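Colleague: I should like to go through the architecture of this model with you, element by element. Please show it first.

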Amino acid sequence: MTDEHPTHTFTVPTSIDAVSLFGPGDEFLRLIERDFDADIHVRGNRVSVTGEPGEVALVERLLDELTTIVRTGQGMTRETVERSIGMLRTETQERPAEVLSLNILSNRGRTIRPKTLNQKRYVDAIDENTIIFGIGPAGTGKTYLAMAKAVQALQSKQVSRIILTRPAVEAGERLGYLPGTLSEKIDPYLRPLYDALHDMMDPEAIPKLLTAGVIEVAPLAYMRGRTLNDAFIILDEAQNTTAEQMKMFLTRLGFGSKVVVTGDVTQVDLPTGQRSGLRIIQGILDDIDDIHFAQLSAQDVVRHRLVGRIVAAYDEFENGAEEQESRERRRPR
């Protein structure tokens with residue numbers, strides 16, 4: 001940096017522990033320095049930032065947001081810092097502290113929160129609408145967050161039961177060849193929903209709630225002919241519903257109920273020639289009040305840092321292999 005750049009001093013409140021804000025061994029501070037074109041120096045509770053005015057202002061806003069997050073009592077992580085920086089860079093109206101400090105559900109010392117701006121908007125849409133579509137790739141939290149909102153609604157007595165359903169289209173006609181009862185055959189396709197429930201509730205309570213019908217986990221075919229009142233209903237893997245199945249499901253809505261439909265329109269497993277009900281539904285219902293379509297993207301995928309690096313490495317390898325193959329095809333014989 002040159003001497004022409006201004007220096008701004010930010011004072012960290014004395015009530016904030018510097019290790020909580022800057023990380024062990026200043027890990028978070030180094031992360032901030034890496035992502036901003038500015039020189040940052042910390043002495044006591046005073047932070048001096050030198051650089052372009054725009055960068056200095058963003059660093060100050062970031063420190064203010066991180067200070068607010070620390071004050072909530074939640075632990076600061078590398079992910080929290082990275083996501084806060086990303087939100088400030090996109091110049092959204094929402095504050096990172098508001099997004100990352102929204103507690104949906106707490107269980108056994110673990111709190112479920114949105115981790116991206118689109119996830120926060122999706123959760124808000126669930127609060128504000130009767131039918132919500134969460135559409136996006138795997139790993140964006142669309143089903144997990146919907147289930148957290150369902151458990152929250154049950155615990156606060158907004159609904160009297162939770163109904164979780166998905167089509168078992170992946171099994172197709174092979175179900176008849178699998179061993180066991182129909183329930184045992186279907187169970188592997190519903191297993192991810194049970195796993196999420198165990199993250200959110202006391203595991204000992206779940207069998208009792210299932211037996212009492214307070215929580216129902218069932219294939220989509222079991223919804224036909226029913227009217228579902230006073231329930232929080234989640235249809236997962238909705239890209240594998242036909243247009244007719246989607247209509248059947250949505251018309252099960254009863255009084256006092258909320259419906260969340262989740263799916264990834266790029267991962268359709270329906271037989272060739274069958275239309276995905278999720279692919280066409282927005283064009284049918286987009287203009288109806290109290291129905292919301294939330295779009296999640298690859299930027300909302302929440303995964304371990306190493307997973308992201310592994311995927312990037314595979315992409316680089318595959319792109320290199322394609323380029324090599326293309327060069328070999330162009331080589332004179």
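Colleague: How many helices and strands does the secondary structure come to?
Modeller: The model is predicted, so local features need pLDDT of at least 70 and side-chain atom pairs count only at pLDDT 80 or more, while totals for chains, interfaces and linings use all residues. Residues are numbered from 1 along each chain as its sequence is written, and side-chain values use heavy atoms, without hydrogens or water. Helices (H or I, at least four residues) and strands (E, at least two) are DSSP runs numbered from the N terminus. On that basis the protein has 12 helices and 11 strands.

Colleague: What share of the residues in the protein is buried?
Modeller: Buried means under 20% relative accessible area, exposed over 50%, and partly exposed in between, with a 1.4 Å probe and protein chains only. The protein has 333 residues, and the buried share of them is 44%.

Colleague: In what order do the strands of the six-stranded open sheet follow one another?
Modeller: Two strands pair if DSSP finds at least two bridges between them. The pairing in this sheet is parallel, and β8 (215-219) and β11 (291-295) are the edge strands, each pairing on one side only. Neighbouring strands are turned by 15 degrees against each other on average, direction ignored. The order is β8-β7-β9-β10-β6-β11.

Colleague: Which residue of β11 is the bridge partner of G134?
Modeller: Strand β6 (residues 131-135) pairs with β11 in the parallel sense, over five bridges. Within β11, the partner of G134 is A294.

Colleague: Which strands does α6 touch where it packs on the sheet?
Modeller: Contact means heavy atoms within 4.5 Å. Axes are lines fitted to C-alpha atoms, for helices over the stretch in contact, and angles run from 0 to 180 degrees between N-to-C directions. The direction of α6 makes about 150 degrees with that of β10. The strands touched by α6 are β6, β9 (231-235), β10 (258-263) and β11.

Colleague: What angle does the direction of helix α11 make with that of β11?
Modeller: Helix α11 (residues 277-285) also packs on the sheet, where it touches β6, β10 and β11. Its direction makes an angle with that of β11 of about 135 degrees.

Colleague: Are the residues of edge strand β8 buried or exposed?
Modeller: I215, V217 and P219 point one way from β8, and E216 and A218 point the other way. Five bridges join β8 to strand β7 (residues 161-166), the two running parallel, and L164 stands opposite V217. Of the five residues in β8, five are buried.

Colleague: How are α6 and α7 oriented to each other?
Modeller: Helix α6 (residues 117-128) and helix α7 (residues 142-155) pack at about 40 degrees, with axes 10 Å apart. The contact involves Q119, Y122, V123, I126 and D127 of α6 and K142, L145, A146 and K149 of α7. Angles under 35 degrees count as roughly parallel, over 145 as roughly antiparallel, 65 to 115 as roughly perpendicular and the rest as oblique. The two helices are therefore oblique.

Colleague: Which strands stand at the edges of the three-stranded open sheet?
Modeller: The order in this sheet is β1-β3-β2, with antiparallel pairing. Each edge strand has a single partner strand, so one side of each is left without a neighbour in the sheet. The edge strands are β1 (7-11) and β2 (38-43).

Colleague: Which residue of β3 is the bridge partner of R43?
Modeller: β2 and strand β3 (residues 46-51) pair in the antiparallel sense over six bridges. In β3, R43 has as its partner R46.
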